[in-house]
Amino acid sequence: MAIEEGAVNAIVKIDIGGGNVISATISMAAVKELGLKVGGEAYAVIKATSVMVGIDE
């Protein structure tokens, strides 16, 4: 896991294997509350009402 800390929010990146990374912007308060640490383990819960699909040209 990687964490890019900002003043209010952080971008958390979770390696889900196969060269794939999921990133999410969460509050710094959430980072502290969850005890997230660089290199630590976490999982992503995904809730979406729509999914965008694209291709490389």
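**Figure 1. Contacts across the whole chain.** Among contacts between residues at least 6 apart in sequence, 27% join residues at least 24 apart. Keep in mind as you explore that this is a predicted model. Reading along the sequence, you will meet the pattern β-β-β-α, made up of 3 strands and 1 helix. The chain is more spread out than a compact globule, because its radius of gyration is 13 Å, well over the 10 Å that the globule rule gives for 57 residues. Along its principal axes, the C-alpha trace spans about 40 × 25 × 20 Å.

**Figure 2. The surface and the charges of the chain.** How much of the chain is buried? Buried residues account for 14% of the 57 residues. The accessible surface adds up to about 5,000 Å², and carbon and sulfur atoms contribute 54% of that area. The chain also carries 4 positive and 7 negative charges. If you take the mean position of each group, the two points lie 11 Å apart.

**Figure 3. A salt bridge between Glu 4 and Lys 13.** Side chains of opposite charge can pair when their charged atoms come close. Here Glu 4 and Lys 13 make such a pair, a salt bridge whose closest N and O atoms are 3.0 Å apart. A search of the whole structure turns up 1 salt bridge. Are its two partners buried or exposed? Glu 4 has 42% relative accessibility and therefore counts as partly exposed. Lys 13 has 32% relative accessibility, so this residue counts as partly exposed too.

**Figure 4. Val 12, a buried residue in strand E2.** Find strand E2, which covers residues 9-17, and look for Val 12 within it. Val 12 counts as buried because its relative accessibility is 6%, and the cut-off for buried is under 20%. Which residues does Val 12 touch, once its neighbours within four places in sequence are left aside? Its contacts are Met 1, Ala 2, Ile 22, Ser 23, Ala 24, Ile 26, Val 31 and Leu 36. Take a moment with Ala 2: Val 12 and Ala 2 are 10 residues apart along the chain, and their C-alpha atoms are separated by 5.8 Å.

**Figure 5. Gly 17, also in strand E2.** Stay with strand E2, where Gly 17 has its place. Gly 17 is partly exposed, with a relative accessible area of 31%. Now compare its position with that of Lys 32, which is 15 residues away along the chain. How far apart are the C-alpha atoms of Gly 17 and Lys 32? They are separated by 25 Å.

**Figure 6. Ala 7, an exposed residue in a loop.** Ala 7 belongs to the loop between strand E1 (2-5) and E2. With a relative accessible area of 82%, Ala 7 is exposed, as the cut-off for exposed is over 50%. From here you can look across to Val 53, 46 residues away along the chain. The C-alpha atoms of Ala 7 and Val 53 are separated by 32 Å.

**Figure 7. Tyr 43, in the segment after the helix.** Follow the chain past helix H1 (28-34) and you reach the segment that holds Tyr 43. Tyr 43 is exposed, its relative accessible area being 71%. Tyr 43 and Ile 14 are 29 residues apart in sequence, yet the spacing between them, C-alpha to C-alpha, is 7.4 Å.

Definitions and conventions: Residues numbered from 1 in each chain as written. Predicted model: local features only at pLDDT ≥ 70, side-chain atom pairs only at ≥ 80, totals over all residues. Heavy atoms only, no water. Salt bridge = Lys/Arg side-chain N within 4 Å of Asp/Glu carboxyl O. Buried < 20%, exposed > 50% of the residue type's maximum accessible area, 1.4 Å probe, protein only. Helix = DSSP H or I, 4+ residues; strand = E, 2+ residues; numbered from the N terminus. Rg over C-alpha atoms; globule rule 2.2 N^0.38 Å. Contact = heavy atoms within 4.5 Å. Areas by Shrake-Rupley, 256 points an atom, 1.4 Å probe, with all protein chains shown as cover. Lys, Arg positive; Asp, Glu negative; His and termini not counted. Charge placed at Lys NZ, Arg CZ, Asp CG, Glu CD.
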